[in-house]
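Visitor: I'm new to this, so could you pick one part of this protein and take me through it slowly? I'd like to see how that part connects to the rest.

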Amino acid sequence: MKDENINESLELEENADYVVLTMDDGTQHNFYFEDEFDYKDKKYLCISPAEEIEDLPEGELLIYEVNDEDDDYMLKPIEDEKLLEEVYNEYCRRYDEEMEGCDCGCEHDHCDCCDDDCDCADEDCDCDECCDKD
């Protein structure tokens, strides 16, 4: 599965926890949505199997380049090992950043409260308390 283009169909709902891929042979498989991001002017999708799939180890992270031109959402395997490693490292960086929360220690995701103007996405965050701002 790693070397084939996935171009028949991809059901990807915004904010979905999973995606359903339809392979060229018509079989469908469920995958957990891990991340989607731009890197070096291209879009990448990271998924992992949500079910047992032959020849695919459990917990395997699959990374594909996304081609979403002309309203078609096609996934292309990354054949350049160096690029694949770079994209994987970007995924890991993004994952670590999300797990750590913001730098102020308040542990709220997407909190920018250490900036001069608080732009905290969490309405329960007391930015003055967590950021030593005076």
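**From the rings to Asp35 and beyond**

Guide: The structure holds three aromatic pairs, so-called ring pairs, and they make a good way in. Ring pairs link Tyr88, Tyr91 and Tyr95 into a cluster. Keep in mind throughout that this is a predicted model.

Now follow Tyr91 to the residue I'd like to zoom in on, Asp35, since Tyr91 is among the residues that Asp35 touches. You'll find Asp35 in strand β3, which covers residues 28–39. Is Asp35 buried or exposed? Its relative accessible area is 13%, and because anything under 20% counts as buried, Asp35 is buried. What does its side chain do in there? The side chain of Asp35 makes a polar contact with the side chain of Arg94, at 2.8 Å. Leaving out residues up to four places away in sequence, Asp35 touches Tyr44, Leu45, Cys46, Tyr91 and Arg94.

Those neighbours lead us to the nonpolar cores. Leu45 belongs to the largest one, which has 12 residues, including Val19, Phe31, Ile47, Tyr64 and Leu75. Three elements give two or more residues to this core: β2 (18–22), β4 (42–49) and β5 (62–67). The largest share, three residues, comes from β5. Apart from this core lies another, of eight residues, and Tyr44 and Cys46 are among them, along with Phe37 and Ile78. So Asp35 touches Leu45 from the one core, and Tyr44 and Cys46 from the other.

Let's go on to β5 and its partner. Strands β5 and β6 run antiparallel, joined by four bridges. On that pairing, Glu65 stands opposite Lys76 in β6. Strand β6 spans residues 74–77, and its two faces are easy to tell apart: Leu75 and Pro77 sit on the covered face, while Met74 and Lys76 are on the uncovered one. That's a neat pattern to spot, because in a regular strand the side chains alternate between the two faces of the sheet. Leu75, on the covered face, is also one of the residues of the largest core.

Before we zoom out, here are two oddities in the loops. Most residues other than glycine have a negative phi. Lys40, in the loop between β3 and β4, goes the other way, with a positive phi of about 50 degrees although it is not a glycine. Asp55, in the loop between β4 and β5, also has a positive phi, near 70 degrees. Are these two buried or exposed? Lys40 counts as exposed because its relative accessibility is 56%, over the 50% cut-off. Asp55 is exposed too, with a relative accessible area of 72%.

Finally, step back and look at the whole protein. There are two helices and six strands, and reading along the sequence gives the pattern β-β-β-β-β-β-α-α. Of the 134 residues, 32% are buried, and Asp35 is one of the buried ones. The accessible surface comes to about 9600 Å², with 35% of that belonging to carbon and sulfur atoms. Among contacts with a separation of 6 or more, 28% are between residues 24 or more positions apart.

Notes. Residues numbered from 1 in each chain as written. Predicted model: local features only at pLDDT ≥ 70, side-chain atom pairs only at ≥ 80, totals over all residues. Heavy atoms only, no water. Core = buried A, V, L, I, M, F, W, Y, C linked by side-chain atoms within 4.5 Å. Buried < 20%, exposed > 50% of the residue type's maximum accessible area, 1.4 Å probe, protein only. Polar contact = N/O pair within 3.5 Å; in protein donor to acceptor, adjacent residues only side chain to side chain. Contact = heavy atoms within 4.5 Å. Pairing = 2+ DSSP bridges. Areas by Shrake-Rupley, 256 points an atom, 1.4 Å probe, with all protein chains shown as cover. Phe/Tyr/Trp six-rings, centres within 6.5 Å; stacked < 30°, edge-to-face > 60°.
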